[in-house]
Amino acid sequence: MRAVVQRVASASVVVDGRTVGAIDEPGLLVLVGVTHSDGPAEAAKLAAKLWGLRVLSGEKSCSDIGAPLLVVSQFTLYGDARKGRRPTWQAAAPGPVAEPLVDAVVAELRALGARVETGVFGADMKVHLVNDGPITLVLDI
């Protein structure tokens, strides 16, 4: 699994003009991509990493201060543009494989006690954020 993690002051996801997920306080926006070899173990490991990642103000984690997370599926994280000008998406897992694993990350986070908002898998999403720092990390699990 691959995640792009951004420390945000606020963030939201809009689908068809309607806000489907939002955090209105400091927390993390997490874009999650799934590849073919990922499974439940990777989802659990990513959730634990996100929950304990010390990148919030004062080197705190979401678990330290109860900060929210907005998790958005993002198959394009596995795009490959090394050749030519058109990326390939071959490394991205297909929807029937990826969706349950993104859901598993969310479920694992909630089981750890996290407040989690989400986007809509496979939808044309508009992601709005106020980056705080800015701090952006790429995690590969």
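A residue counts as buried when its relative accessible area is under 20%, as exposed when it is over 50%, and as partly exposed in between. Keep that in mind for this predicted model, starting with Arg110.

Arg110 sits in helix α3. Its relative accessibility is 45%, so Arg110 counts as partly exposed. Setting aside neighbours within four places in sequence, Arg110 is in contact with Val116 and Thr118. Then there's Ala47: it is 63 residues away from Arg110 in sequence, yet the two C-alpha atoms are 9.1 Å apart in space.

Now for the aromatic rings. How many aromatic pairs does a search of the whole structure find? Just one. The partners are Phe75 and Trp89, and they meet edge-to-face, with 5.3 Å from centre to centre and 70° between the planes. Both residues lie in the loop between β4 (69-73) and α3 (95-112), so the pair ties together parts that are 14 residues apart in sequence.

Over in strand β1, which covers residues 2-15, you'll find Gln6. Is Gln6 buried or exposed? Gln6 is buried, because its relative accessible area of 13% falls under the 20% cut-off. Leaving out neighbours within four places in sequence, Gln6 has contacts that include Gly27, Leu28 and Leu29, and also Leu129, Asn131, Ile135 and Thr136.

Here's how the four residues compare on accessibility:

| Residue | Relative accessible area | Class |
|---|---|---|
| Gln6 | 13% | buried |
| Phe75 | 48% | partly exposed |
| Trp89 | 38% | partly exposed |
| Arg110 | 45% | partly exposed |

Technical notes: Residues numbered from 1 in each chain as written. Predicted model: local features only at pLDDT ≥ 70, side-chain atom pairs only at ≥ 80, totals over all residues. Heavy atoms only, no water. Phe/Tyr/Trp six-rings, centres within 6.5 Å; stacked < 30°, edge-to-face > 60°. Helix = DSSP H or I, 4+ residues; strand = E, 2+ residues; numbered from the N terminus. Buried < 20%, exposed > 50% of the residue type's maximum accessible area, 1.4 Å probe, protein only. Contact = heavy atoms within 4.5 Å.
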